[in-house]
Amino acid sequence: MAEPSQGFPVLRLLFHVAFLATLGSVYGYSAWSDKLLAAQPSWTQKDLGLVFSLGIFGAFTTPVGGFLYDNAGANMTYLVGCVLTLGGWASFLYAVEHQWSPLACGLLYYLEEQGSSTLYMGIALDTLVHFPGESISFSMGMVALGYSMSSVILATFLKLVPLSLASCVKGISLLILTCTVIRLAVGPLSAARKDRDEPR
């Protein structure tokens with residue numbers, strides 16, 4: 001007998017978009033890298049470019065999140081992603097404040113973005129698993145939209161509310177932590193294939 005059709009989980013979609021909007025700081029790099037340059041006045045544009053390039057590499061090292069989701073379950077994917085992101089941000093901020101080299105700061109930014117991409121994959125794969133098949137293309141489009149709109153939100157916010165680099169990083173970290181805790185506490189928000197929250 002055919003399984004009953006699953007309704008479109010609007011609440012889950014809105015949560016996914018909101019969560020993703022906290023993760024794409026690398027797309028708003030031009031909006032906050034001036035704060036990085038102010039903290040490291042000896043850096044050149046090439047130094048800023050190196051840090052950005054390492055961050056972009058981390059943002060697209062998505063096989064890590066996919067491997068975790070397949071082999072350790074969704075919850076572990078979120079936990080690892082959150083720890084890497086928050087640890088990466090904290091270490092990056094420390095390195096900038098203590099005048100570490102561009103390469104060292106870039107490697108820590110890579111670590112943060114590796115965490116961000118791991119969280120991204122958790123959300124994207126949750127979307128594939130828990131959304132009705134007939135709407136999956138639209139749902140995945142919203143995943144990409146939520147991630148990329150981070151740059152617009154961040155740039156607009158920083159224009160209206162001038163923050164230091166430390167305040168900016170701490171604010172983003174708090175939002176990411178809050179979204180991760182909500183996801184882990186509430187679970188998949190869907191009755192469909194909850195087995196994905198646990199490792200096989």
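Trainee: How many aromatic pairs does a search of the whole structure find?

Mentor: The search finds 15 aromatic pairs. Rings of Phe, Tyr and Trp (its six-membered ring) pair if their centres lie within 6.5 Å; planes under 30 degrees apart count as stacked, over 60 as edge-to-face and the rest as tilted. The model is predicted, so local features need pLDDT of at least 70 and side-chain atom pairs count only at pLDDT 80 or more, whereas totals for chains, interfaces and linings use all residues. Residues are numbered from 1 along each chain as its sequence is written, and side-chain values use heavy atoms, with hydrogens and water left out.

Trainee: Why is the pair of Y29 and W32 called edge-to-face?

Mentor: The ring centres of Y29 and W32 are 5.2 Å apart, and the angle between the planes is 75 degrees. The distance is within 6.5 Å and the angle is over 60 degrees, so the pair is edge-to-face. Both residues lie in helix α2 (residues 29-39), three residues apart, about one turn of the helix. Helices (H or I, at least four residues) and strands (E, at least two) are DSSP runs, numbered from the N terminus.

Trainee: What makes Y29 and W32 count as buried?

Mentor: Buried means under 20% relative accessible area, exposed over 50%, and partly exposed in between (1.4 Å probe, protein chains only). Y29 has 7% relative accessibility, so Y29 counts as buried. W32, at 2%, is therefore buried as well.

Trainee: Why is the pair of Y29 and F52 called tilted?

Mentor: The centres of Y29 and F52 are 5.1 Å apart, with 40 degrees between the planes. That angle is neither under 30 nor over 60 degrees, so the pair is tilted. Y29 lies in helix α2 and F52 in helix α3 (residues 45-59), so the pair ties together parts that are 23 residues apart in sequence. F52 has a relative accessible area of 30%, so F52 is partly exposed.

Trainee: Which residues form one aromatic cluster with Y29, W32 and F52?

Mentor: W89, F92 and Y109 belong to that cluster.

Trainee: How do you know that the protein is as compact as a globular protein of its length?

Mentor: The radius of gyration is 18 Å, close to the 16 Å that the globule rule gives for 200 residues, so the protein is as compact as a globular protein of that length. The radius is taken over C-alpha atoms, and the rule is 2.2 Å times the number of residues to the power 0.38. The C-alpha atoms fill a box of roughly 70 × 35 × 25 Å along the principal axes. The protein has nine helices and zero strands, and 49% of its 200 residues count as buried.

Trainee: What makes C179 buried, and which residues does C179 touch?

Mentor: C179 has 11% relative accessibility, which is under 20%, so C179 is buried. C179 is placed in helix α9 (residues 165-186). Leaving aside residues up to four places away in sequence, C179 touches F15, F19 and T22, where contact means heavy atoms within 4.5 Å. C179 and C82 are 97 residues apart in sequence and 9.6 Å apart in space, C-alpha to C-alpha.

Trainee: Why is L79 called partly exposed?

Mentor: The relative accessible area of L79 is 41%, between 20% and 50%, so L79 is partly exposed. L79 is found in helix α5 (residues 74-97). From C-alpha to C-alpha, L79 and K35 are 29 Å apart in space, with their positions 44 residues apart in sequence.
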